[in-house]
Amino acid sequence: MIKLTDNIKSLKNIGPSREREFSMLGIFAVQDLLYFFPKSYKYRGAVKSISDLQIEEMASVIATPISAETVFRGKISITKVRVRDETGDIDCIFHNQPYVKNNLPVGVPFIFSGKVIKQGISNPEYDKENQGQDSIVPLYKFSGQKIIRKIMKDLLKNATPVENLPLFLREQLKLPTAEESFRNIHFPENEAMLSLAQRYFATEELIVLQLALYALRGNIKKSSTVNIIDTDISPIIDNIRFTLTCSQKKVLDEIVEDMRSGQVMYRLLQGDVGSGKTVIAIIAAYISAKNGYQTAIMVPTGILAAQHYESFSQILEPLGISVQLLTGSVKGQKIVHEDIKNGTTQVVVATHAAISDNVVFCNLGLVITDEQHRFGVRQREALAGKGRNPHVIVMSATPIPRTLALILYGDLDISTIDQLPAGRTAISTYHVNTSYRERIWSFLEKEAMAGQQSYIVCPAIESDELTSVTEYMDRLTQYYSKKNSSVKVAFLHGKMKENEKEEIMQSFKNGSFAVLVATTVVEVGVNLQNATVMVIEDAHRFGLSQLHQLRGRVGRGSAKSYCILISDTTGEEALSRIRAMIDHSDGFHLSQMDLQLRGPGEFFGMAQHGILNFKMASLQRDMDIVKAIQGCVADIYRDIESYPNLKSMVDKVIVKES
């Protein structure tokens with residue numbers, strides 16, 4: 001009997017060349033091969049008698065070759081194999097396949113499947129084995145379809161798959177066994193059995209992910225040592241220069257209730273761009289400080305850290321709460337570390353520097369991570385681990401569809417700010433081709449003369465194409481120079497040193513230049529009241545959620561704002577994203593469309609979420625499976641040693657996510 005851990009080279013029909021092909025697909029062991037599912041299926045027509053065949057239909061016949069001949073017309077060969085069943089004869093016609101005569105010996109029955117034409121059956125597939133009524137033929141991402149099907153059939157006869165799903169869950173979801181599922185995913189008896197097999201493996205994928213995330217987070221819902229008593233926020237509300245929206249008040253009530261509950265708060269706070277999540281985080285930090293605890297805010301970039309530091313300082317320091325910035329480029333880090341350790345610093349706004357071993361908190365009570373998808377789970381947990389069960393707020397400005405949120409954050413409470421503050425102006429969005437480029441540059445000049453500022457986002461840092469930051473900067477500077485224009489231009493990209501990026505952004509905020517040419521480093525969090533135009537070059541290269549995030553960098557003041565999408569694309573999927581940007585301004589609606597268009601694995605545009613590139617699971621179709629798993633994931637995890645194969649699969653995801 002074949003073991004699942006055996007190397008595939010021990011299998012029949014796998015020599016050195018096929019082993020190399022499989023290795024390029026990441027297939028080394030027998031179990032890998034079992035999970036090498038068909039990319040699609042070819043549906044053979046129903047098996048019929050030859051006398052019942054109809055022209056133009058797809059059909060199959062079980063017949064025996066009685067003769068064969070090949071004729072050449074120039075370089076083209078036509079092979080006719082005459083086949084017979086009890087009701088009559090018909091020709092099977094093969095183009096440029098003279099070798100089929102040797103594969104179809106006279107007197108041996110085959111099943112022939114193909115399109116019926118006037119002259120016979122055109123280029124039929126054939127097999128010695130009768131695969132039955134309405135047979136479904138698997139198609140693999142492999143060089144030889146017949147040989148891979150033969151390898152798979154032999155494998156399924158000689159290997160016993162491991163059952164990874166608990167019996168109670170299979171019964172609840174009415175799923176077949178692992179053995180039945182593997183058989184029907186590779187060689188379906190019919191469409192109904194194929195659908196059940198796909199549902200089985202969708203469940204397996206979802207349970208592996210849920211168990212991995214459960215293991216990474218640990219037992220979140222536990223008693224908190226953070227004792228929050230004073231939740232009077234009237235002093236800070238009086239210090240904020242604007243009125244909270246009803247949605248912000250609702251979310252704030254949820255957070256305050258959590259902080260007073262005696263249990264660790266672990267809450268996802270999400271909202272559209274500009275919805276006012278930061279002020280909620282500031283108020284939460286105020287409550288933490290008033291009760292004698294420190295707050296750590298971790299963000300992915302130095303630019304965003306500097307901006308948050310400014311926002312937190314403006315509101316909290318007049319109330320007597322000390323705020324400190326901690327990034328790789330901050331000078332005097334030893335003093336900063338000492339102030340954090342002795343409790344002099346009550347609120348720390350930091351990048352990854354916060355999880356350094358050198359950073360020791362005196363009394364950490366609240367952890368906030370912003371743009372949470374930019375961090376691995378381990379990084380977020382490392383920061384929380386610097387306190388004794390501190391409260392945690394996970395913020396996201398990328399609206400996450402509820403289906404995806406339930407999978408990624410099934411054990412988090414979700415708070416959503418779904419209302420924009422009063423006074424936010426609508427952003428007009430347009431799509432133009434590259435022939436409009438100089439007209440757009442002229443428009444940016446007019447905006448600059450009116451005291452406004454603009455972004456131009458390019459998809460690359462360096463390349464020979466105009467849509468790279470460096471090339472674009474040169475061309476744009478030349479354009480304004482030839483016009484003797486006073487418009488000043490700067491550029492910004494991710495490969496610059498942190499202190500360089502921070503200096504450029506500060507100069508931009510101070511109005512030292514009018515146009516910033518950048519990569520998507522400006523996508524997250526940059527808040528500039530004076531910015532009115534966002535130009536996105538090669539807009540078809542970006543996902544919907546990313547386009548919406550970039551658009552959110554403008555329209556933050558009272559002046560009319562614009563988003564201009566430049567693209568020459570003719571691709572229908574890309575055009576559908578661009579049309580959606582023009583027609584919709586609601587980030588949650590756009591994120592749902594993005595999820596449907598690109599799939600969950602690409603939704604965030606981050607490599608670490610490759611674990612979401614499901615082969616079988618669908619977030620739109622399989623929410624009943626998600627909910628069923630979430631109801632029992634803790635029980636399954638406690639008993640995971642009973643499922644060593646499942647545990648191995650979970651461990652691989654944990655390593656990847658970490």
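**Exercise 1. In this predicted model, work out how helix α18 and helix α19 cross.**

Solution, step by step:

- Start with what to look for. Two packed helices are described by the angle between their axes and the distance between the axes.
- Find the two helices: α18 covers residues 544–551 and α19 covers residues 572–583.
- Now compare the axes. They come within 10 Å and cross at roughly 40 degrees.
- Add the handedness: the crossing of α18 past α19 is right-handed.
- Next, pick out who touches whom. α18 brings Leu-544, Leu-547, His-548 and Arg-551, while α19 brings Arg-577, Ala-580 and Met-581.
- Finally, sort those contact residues by character: 4 are nonpolar, 1 is polar and 2 are charged.

**Exercise 2. Find out which residues of helix α12 are buried, and where they sit around the helix.**

Solution, step by step:

- Go to residues 333–342, the stretch that forms α12, and you'll find Val-336, His-337 and Ile-340 buried.
- Look down the axis of α12. The buried residues fall within an arc of 100 degrees, so they line one face of the helix.
- Turn to the face pointing away from that buried side: here you meet the exposed residues Lys-334 and Ile-335.
- What lies over the buried residues? The cover includes the strands β9 (294–298), β10 (323–326) and β11 (347–350).
- Step just past the end of α12 and you reach Gly-343, whose phi is positive, at about 90 degrees.

**Exercise 3. Describe the backbone and the exposure of Asn-13 and Asn-389.**

Solution, step by step:

- Take Asn-13. It isn't a glycine, yet its phi is positive, at about 70 degrees.
- Place Asn-13 along the chain: it belongs to the segment before α1 (16–24).
- Check the exposure of Asn-13. Buried means under 20% and exposed means over 50%, so at 29% relative accessibility Asn-13 is partly exposed.
- Move on to Asn-389, another residue that is not a glycine but has a positive phi, here about 55 degrees.
- Asn-389 sits in the loop between α13 (377–384) and β13 (391–396).
- With a relative accessible area of 28%, Asn-389 is partly exposed too.

**Exercise 4. Say how many disulfides the structure holds, then decide whether Cys-92 and Cys-458 are buried or exposed.**

Solution, step by step:

- Count the disulfides: there are 0.
- Check Cys-92, which has a relative accessible area of 0% and is therefore buried.
- Do the check again for Cys-458: at 1% relative accessibility, this cysteine counts as buried.

Terms used
Residues numbered from 1 in each chain as written. Predicted model: local features only at pLDDT ≥ 70, side-chain atom pairs only at ≥ 80, totals over all residues. Heavy atoms only, no water. Buried < 20%, exposed > 50% of the residue type's maximum accessible area, 1.4 Å probe, protein only. Helix = DSSP H or I, 4+ residues; strand = E, 2+ residues; numbered from the N terminus. Arc of directions from axis to C-beta. Contact = heavy atoms within 4.5 Å. Axes fitted to C-alpha atoms, helices over the stretch in contact; angles between N-to-C directions. Left-handed = near helix turned anticlockwise from the far one by under 90°. Nonpolar A, V, L, I, M, F, W, Y, C, P; charged D, E, K, R; others polar. Disulfide = S-S within 2.5 Å.
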